[in-house]
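Here's a quick tour of one structure, written for someone who likes to poke at the coordinates. Have a look first, then read on.

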Amino acid sequence: MTTTNNQGDNEVTMKLNRRRFIRHAATSSAIATAGALFPGISFGSWPQLANNSGLVSWQKAPCRFCGTGCGVLIGVSDGRAVAVKGDPNCSVNKGLCCMKGYHSVQALYGKDRLTTAQVRKNGTLVEVPIQEALDLIADKLKTTRELHGKDSVAIYGSGQWTIPDGYVASKLFKGCLGTNNVEANARLCMASAVTGFMTSFGLDEPMGCYEDMDHANIFVTWGNNMAEMHPVLFSRMLANRKRRTNVRIIDFATRSTRTSQAADKSILFKPQTDLAVANAICYEIINRDWVNWDFVNQHVSFHRGKTDIGYGTEDHFAFKDQAEAISFEEYSRFLEDYTPEKVEKISGVAAKDIKYLAALYGDPALKVTSFWCMGMNQHTRGTWINNLVYNIHLLTGKISTPGNSPFSLTGQPSACGTVREVGTLTHKLPHGVVMNQHHREMAAGIWDVPLSNIDPKPSYHTVEMFRALDRGDIKFIWIQVTNPMVTMPNLRRYRDGGLKGDRFVVVSDVYPTPTTDIADVILPAAMWVEQEGMFGNSERRTQHFAQIVDPPGEAMSDTWQIIEVARRLGFEQQFPWSKEDYIEKIWEEYRRFHAGPKHEMAPYSVLRERSGVQWPYVNGRETRWRFNPKYDPACSNGKDFDFYGKKDNRAWIWARPYEPAAESPDNTYNFWLNTGRVIEHWHTGSMTRRIPVLHNAVPAAYVELHPEDAAELGVVNGEMVKIISRRGEVTMPAQIQGRGVPVRGMVFVPFFDESYLINELTLDAFCPISKQPDYKKCAVRLEKA
Amino acid sequence: MMKQSEKRGWVGPCIAACCILGAAVTIGSPKHSAAIDLGNFDHQGQKVFRSYEATPETYLAADSGDRNLARFYELRQYPGSPPRIPHGVEASFSGDESNCLSCHGKGGYSPEFGKFVPVTPHPENTLCYQCHARVITEKAFGESDWQSIRPPRLGRSFLSSSPPPIPHSLQLRENCISCHTGPGAVVEIRVEHSSRGNCRQCHVPAVQTAPVNEFVRPGP
Ligand code: SF4
């Protein structure tokens with residue numbers, strides 16, 4: 001120590017002298033504190049592993065919360081998950097997580113984990129060996145089918161199902177039992193994204209990828225509070241803005257959020273009028289001659305569909321859209337109703353702000369990425385608004401190139417992987433749809449079932465499925481990895497339906513929830529890394545995780561639960577796998593559905609190795625931008641772009657009008673009710689509330705009010721407000737000037753808290769095309785409680 | 001980055017040079033640093049060196065004395081987890097980065113809290129509430145069976161007088177200066193010789209939770 005300092009003295013400067021002086025002056029106090037230490041003393045406020053080997057091994061997995069799909073490394077010591085860090089090898093998050101990811105492993109260890117099966121006997125749930133519960137489920141399935149027909153049984157899963165979970169569910173119900181009663185909660189979160197993609201491009205899922213963020217100059221968040229809902233992606237946007245000089249973020253929303261605060265510009269619009277604003281942007285782009293004619297002439301065709309399409313609030317609602325080709329002239333005539341000045345009146349957005357947005361999209365020198373998620377998807381015209389934002393990108397040719405990206409984000413970790421790709425929706429098959437003979441033939445072939453098993457008619461979408469349960473058309477429902485008794489809109493009807501005498505409800509979950517409360521059988525499920533599986537995130541990335549720790553008690557993976565029941569029903573031949581390698585075998589069987597350059601999936605061995613692989617994965621290469629021959633091996637037309645999803649090899653621009661919401665504020669119910677999430681909590685909070693850090697940060701739900709509305713109502717922060725809709729009421733504490741500020745005449749309530757069931761108030765209106773309900777708009781009135 | 005890769009050929013000889021010159025290179029007189037090609041440090045070393053240069057001198061001296069390891073770990077769920085926010089924050093917890101970084105960017109004395117402010121080791125991440133949670137209540141939703149490992153032990157030199165290795169992962173904690181020096185540092189891990197700048201010259205990462213791999217000469 002002395003020696004080195006002496007060497008340094010040769011180059012003494014004033015600065016150094018001062019530093020050294022200070023250092024010596026400080027030495028005595030530093031020694032006093034450091035010297036008092038016993039080397040090796042241990043700290044830590046958490047309970048410490050008894051047999052701590054002192055060693056931690058790190059294993060990769062995708063985070064289990066949210067569709068961003070961050071790669072995490074889970075630290076395992078003595079058979080327990082003890083720590084998390086971001087996976088530096090995962091291109092999604094490059095080593096960074098959010099608070100849910102960092103504390104995710106704590107969700108495994110709540111003391112009230114379900115570890116044994118329970119069966120309701122004379123009204124009370126009693127513990128039984130899991131094999132007995134599985135016998136009962138198989139028996140009930142069989143007798144219900146015999147008594148009430150094949151469509152009286154249903155399975156309802158989730159975008160948190162692993163890919164194998166969804167695959168075996170579809171194979172059993174659609175392939176073996178012959179019913180299309182297979183749905184997933186992802187219907188409630190991204191069905192409009194799917195129909196948006198299908199109607200505009202003929203193929204589902206984004207053309208771009210997260211790397212777009214490193215190239216774009218302009219980010220427009222459409223009703224999308226990314227700062228809280230996709231925080232790791234939002235951070236990447238902020239980092240880009242910091243690093244590059246020409247990056248701007250524009251937040252376009254109905255409520256002022258953390259995203260608005262961080263954005264360079266926040267533009268607020270009246271609920272539902274995003275339809276009009278998107279059309280006005282297109283009007284302005286055409287009017288100013290900012291259309292990319294080369295692109296439009298070669299790659300775009302124009303269409304319109306039906307209008308005045310309804311809201312689906314009545315049982316048995318049916319709607320089928322019909323596309324009609326139109327000319328560019330017809331399209332631009334349609335847009336004449338949407339001049340910025342006219343739209344200012346509908347939307348409350350100043351004409352100059354509409355023109356500003358149009359100028360950003362229209363400037364050929366700027367690369368623009370649009371992000372959206374629930375704001376556009378949970379919308380009674382969700383398919384339309386998806387189409388309309390694609391229109392903007394198509395008119396300007398800003399698509400399928402790095403940084404130019406209309407990007408539909410997903411909420412759940414495997415909404416894409418399990419629900420959209422495996423096709424766990426009533427009309428879907430792993431490849432294609434049940435209505436298509438070839439697709440059915442392919443499924444029957446791979447599944448080894450008679451073709452006649454697969455019903456060519458879709459049955460119930462989610463809302464209609466729960467209506468059918470209420471009506472009694474469905475008598476048996478098996479719910480896995482989701483909590484519909486908190487999340488269904490117009491909740492009371494569906495809970496009462498599930499409780500009716502001869503309904504049989506099976507719930508597979510990890511913790512008790514309001515849904516297990518109505519169950520006749522509860523199966524304890526393995527959670528996340530207690531099983532092997534795969535998720536698929538928002539950017540076409542399939543992410544494998546190994547079983548890292550053991551599930552507690554008799555808990556079993558959802559996949560294996562279904563296999564057990566399938567075998568009891570006599571389908572050993574279709575479900576022949578062993579516990580050792582069933583995930584690998586299922587993956588390799590499932591992968592056959594997607595063979596070919598448009599959707600080729602990576603083999604199991606590659607998935608195991610890497611922190612996620614993007615499809616199409618062709619000849620060992622991932623595809624970052626689809627429809628662009630520089631990146632996408634499926635392009636074959638020899639042009640700059642190939643929109644091969646549609647028969648005319650073009651992307652479709654749609655003339656879609658503005659139509660009002662299903663229920664808007666009136667004199668009696670004079671407020672909009674908007675619902676959503678907060679960064680701390682995942683969906684219904686059944687996992688994140690059991691993570692101490694997250695629960696302690698947001699222990700209970702609240703209602704956000706505009707300060708002036710609060711003043712008029714006479715409530716201050718924390719005082720109770722009664723919110724009343726035509727369907728129900730809830731009384732909860734007010735939050736004023738919190739993290740979000742709704743506009744006047746709107747309240748916002750997060751839905752994670754089962755003590756305040758806000759969905760008893762929401763309306764079960766949905767987009768007639770996607771059948772996805774609108775959780776963002778219904779009418780309520782307020783009272784000081 | 002570019003610079004570093006262009007200079008790759010220099011790295012070997014320069015490491016050797018560093019060893020010979022020892023701290024003379026790293027003490028960091030302005031005259032000297034002008035002569036030092038920072039591109040020759042490894043990634044972390046360069047960062048540490050730079051932040052040393054930027055550290056105000058008062059920081060190397062004063063000692064708040066009230067931030068100790070027990071407090072440090074109280075805010076965490078396992079070694080390395082993002083700490084909770086131990087003080088009140090505006091409910092709006094604005095997305096404006098200046099809210100947190102105005103104090104935690106550079107540190108300094110906060111009259112409001114009567115304390116020296118800890119400095120973030122990763123100021124490049126500005127969406128603070130992404131990882132750091134408020135504490136509204138200490139009441140749990142339910143009981144938890146969470147357990148984790150013991151925090152790394154202190155002062156575990158491999159040889160009796162050798163510099164102790166770095167016991168923790170450097171991910172998001174590459175900047176040693178921010179936690180180990182200055183009045184906001186945790187007292188037990190505050191270094192007495194912060195004027196040396198390039199910490200990783202002497203302290204090698206040897207994460208305590210990873211097995212020690214002995215060198216084995218690869219077979220022919
Ligand atoms: S952003 Fe989403 S995927 Fe990433 S760590 Fe947070 S919750 Fe997990």
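What follows covers the domains, one interface, the ligand shell and a couple of backbone oddities.

## The model and its domains

First things first: this is a predicted model. Chain A splits into domain 1 (1-45), domain 2 (117-187 + 414-614), domain 3 (191-412) and domain 4 (671-784). Domain 2 is written as two segments, and domain 3 takes up residues 191-412 of chain A.

## Where domain 3 meets domain 4

Let's zoom in on one pair. The C-alpha centres of domain 3 and domain 4 of chain A sit 26 Å apart. On the domain 3 side, 35 residues make contact, and they touch 31 residues of domain 4. The size of an interface is often quoted as the accessible area lost when the parts come together. For domain 3 and domain 4 of chain A that comes to about 2800 Å², with 59% of it on carbon and sulfur atoms. Which three residues supply more of the area that domain 3 buries against domain 4 than any other three? They are R255(A), P271(A) and Q378(A), with 24% of that area.

R255(A) turns up again in the polar bookkeeping: its side chain forms a salt bridge with that of E704(A), at 2.8 Å from N to O. The count between domain 3 and domain 4 of chain A is 2 salt bridges, and 11 residue pairs are in polar contact across the interface. As for secondary structure, α6 (187-201), α7 (226-229), β10 (255-256), α15 (374-377) and α16 (382-395) of chain A each put at least two residues on the domain 3 side that touches domain 4. The residues of that side break down into 12 nonpolar, 18 polar and 5 charged.

## Around the ligand

The ligand is surrounded by C63(A), F65(A), C66(A), T68(A), G69(A), C70(A), C97(A), C98(A), K100(A), G101(A), P231(A) and V232(A). Two elements of chain A, α3 (99-102) and α8 (231-243), give two or more residues each to this shell. By class, the shell has 8 nonpolar, 3 polar and 1 charged.

## Backbone oddities

Most residues other than glycine have a negative phi, and most peptide bonds are trans. Where are the exceptions worth a click? W615(A) and P616(A) are joined by a cis peptide bond, with omega about -10°. P616(A) lies in the loop between β21 (613-614) and β22 (651-655) of chain A.

S400(A) isn't a glycine, yet its phi is positive, near 55°. S400(A) belongs to the loop between α16 and β15 (405-408) of chain A.

Terms used: Residues numbered from 1 in each chain as written. Chains lettered and ligands numbered in written order. Predicted model: local features only at pLDDT ≥ 70, side-chain atom pairs only at ≥ 80, totals over all residues. Heavy atoms only, no water. Domains from an automatic or database assignment. Contact = heavy atoms within 4.5 Å. Buried area = accessible area lost by both parts, 1.4 Å probe. Salt bridge = Lys/Arg side-chain N within 4 Å of Asp/Glu carboxyl O. Polar contact = N/O pair within 3.5 Å; in protein donor to acceptor, adjacent residues only side chain to side chain. Helix = DSSP H or I, 4+ residues; strand = E, 2+ residues; numbered from the N terminus. Nonpolar A, V, L, I, M, F, W, Y, C, P; charged D, E, K, R; others polar. Near = heavy atom within 4 Å.
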